[in-house]
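Here are some worked exercises for reading a fold at the bench. Grab a viewer, try each task yourself, then check your steps against the solution.

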Amino acid sequence: MEILNRKARFNYFIIEEIECGIELFGSEVKSIRNGNCNIKDSYGVIRNNEVYLINMFIKNYKEASIFNKEETRKRKLLLHKKETIKLKEKIEKEGYTLIPLKVYFNRNKVKVLLGLCKGKKTYDKREVLKEKEIKRKIEREIKSY
């Protein structure tokens, strides 16, 4: 089961991708396994040399009534200290942001693909849309022959 952040690739230039673990409760893991997760509006923040994911929505697992946690609470990402320091330097100096690109399972562990991103301007987004449209036209022409 993969949960993708499709808007991230449209709204940001992705400079680097980092795979990291995430600290979750059992009911949250079960809910993610069912596909009840949304990372569209979430982002990463570094506080006290620890990386947190803010605004990640995980729907309450209805079979775990008393063990459910808040749906959009901040969740700690598991990274090595050196990686965290490196990310912190890049964010402070170069103005990058941390955006989750994908949530997936790797050997029964939930992993987050975190992207070090820089925001796109509107003219960059228009250029990407034009390129997609040109590719579509070319594919149509090829199919028609």
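**Exercise 1: A threonine and its company**

Thr 84 touches Ile 46, Asn 49, Glu 50, Val 51 and Leu 79, once residues up to four places away in sequence are set aside. Keep in mind that this is a predicted model.

Task: Work out which helix holds Thr 84, and whether Thr 84 counts as buried or exposed.

Solution.
- Step 1. Find the element: Thr 84 sits in helix 3, which spans residues 81-94.
- Step 2. Check the cover: the relative accessibility of Thr 84 is 4%.
- Step 3. Apply the cut-off: buried means under 20%, so Thr 84 counts as buried.

**Exercise 2: Get the overall layout**

Task: Say how many helices and strands the chain has, and in what pattern they follow one another along the sequence.

Solution.
- Step 1. Count the elements: there are four helices and nine strands.
- Step 2. Read them in sequence, and you get β-α-β-α-β-β-β-β-β-α-β-β-α.
- Step 3. Add the dimensions: along the principal axes, the C-alpha atoms fill a box of roughly 60 × 40 × 25 Å.
- Step 4. Look at burial: 34% of the 145 residues count as buried.
- Step 5. Look at the contacts: among those with a separation of 6 or more, 67% are between residues 24 or more positions apart.
- Step 6. Turn to the outside: the chain exposes about 10100 Å², and carbon and sulfur atoms supply 48% of that.

**Exercise 3: Follow the strand pairing**

Task: Find which strands pair with strand 8, and where the bridge partner of Ile 99 lies.

Solution.
- Step 1. Start with strand 1 (residues 2-4), which runs antiparallel to strand 8 and is joined to it by three bridges. Leu 4, for instance, has Lys 102 in strand 8 as its bridge partner.
- Step 2. Go on to strand 9: strand 8 pairs with strand 9 over nine bridges, again in the antiparallel sense.
- Step 3. Pick out partners across that pairing. Ile 99 is matched with Gly 115 in strand 9, and Tyr 104 stands opposite Lys 111.
- Step 4. Take in strand 2, which is paired with strand 9 through nine antiparallel bridges. Here Glu 16 stands opposite Leu 116.
- Step 5. Check how covered strand 8 is: seven of its ten residues are buried.

**Exercise 4: Take a look at the turn**

Task: Strand 8 and strand 9 form a hairpin. What are the phi values of Arg 107 and Asn 108, and is each residue buried or exposed?

Solution.
- Step 1. Place the residues: Arg 107 lies in the loop between strand 8 and strand 9, and so does Asn 108. The hairpin has two residues between its strands.
- Step 2. Recall the usual case: most residues other than glycine have a negative phi.
- Step 3. Read the angles. Arg 107 has a positive phi of about 55° without being a glycine, and Asn 108 has a positive phi of about 65°, also without being a glycine.
- Step 4. Apply the cut-off: exposed means over 50% relative accessible area. Arg 107 is at 77%, so Arg 107 is exposed. Asn 108 is at 62%, so Asn 108 counts as exposed too.

**Exercise 5: Dig into the core**

Task: Which residues have the most contacts inside the largest nonpolar core, and which strand supplies its largest share?

Solution.
- Step 1. Recall the general trend: nonpolar side chains tend to be buried together in soluble globular proteins.
- Step 2. Find the hubs: in this 24-residue core, Ile 22, Ile 32, Met 56, Leu 77 and Val 103 have the most contacts.
- Step 3. Trace the suppliers: strand 2 (12-22), strand 5 (50-54), strand 8 (97-106) and strand 9 (109-119) each give at least two residues. Strand 9 gives the largest share, with four residues.
- Step 4. Spot the other core: it lies apart, with six residues, including Ile 99, Leu 101, Tyr 104 and Cys 117.
- Step 5. Zoom in on Met 56: beyond its neighbours within four places in sequence, its contacts include Ile 22, Ile 32, Cys 37 and Val 103.

**Exercise 6: Nonpolar on the outside**

Task: Which residues form a nonpolar patch on the surface?

Solution.
- Step 1. Name the members: Ile 134, Ile 138 and Ile 142 make up the patch.
- Step 2. Give its area: together they have about 300 Å² of accessible area.
- Step 3. Place one of them: Ile 134 is in helix 4, residues 122-144.

Conventions:
Residues numbered from 1 in each chain as written. Predicted model: local features only at pLDDT ≥ 70, side-chain atom pairs only at ≥ 80, totals over all residues. Heavy atoms only, no water. Contact = heavy atoms within 4.5 Å. Core = buried A, V, L, I, M, F, W, Y, C linked by side-chain atoms within 4.5 Å. Buried < 20%, exposed > 50% of the residue type's maximum accessible area, 1.4 Å probe, protein only. Patch = residues over 30% accessible without salt bridge, like charges linked within 9 Å, V, L, I, M, F, W, Y side chains within 5 Å. Areas by Shrake-Rupley, 256 points an atom, 1.4 Å probe, with all protein chains shown as cover. Salt bridge = Lys/Arg side-chain N within 4 Å of Asp/Glu carboxyl O. Pairing = 2+ DSSP bridges.
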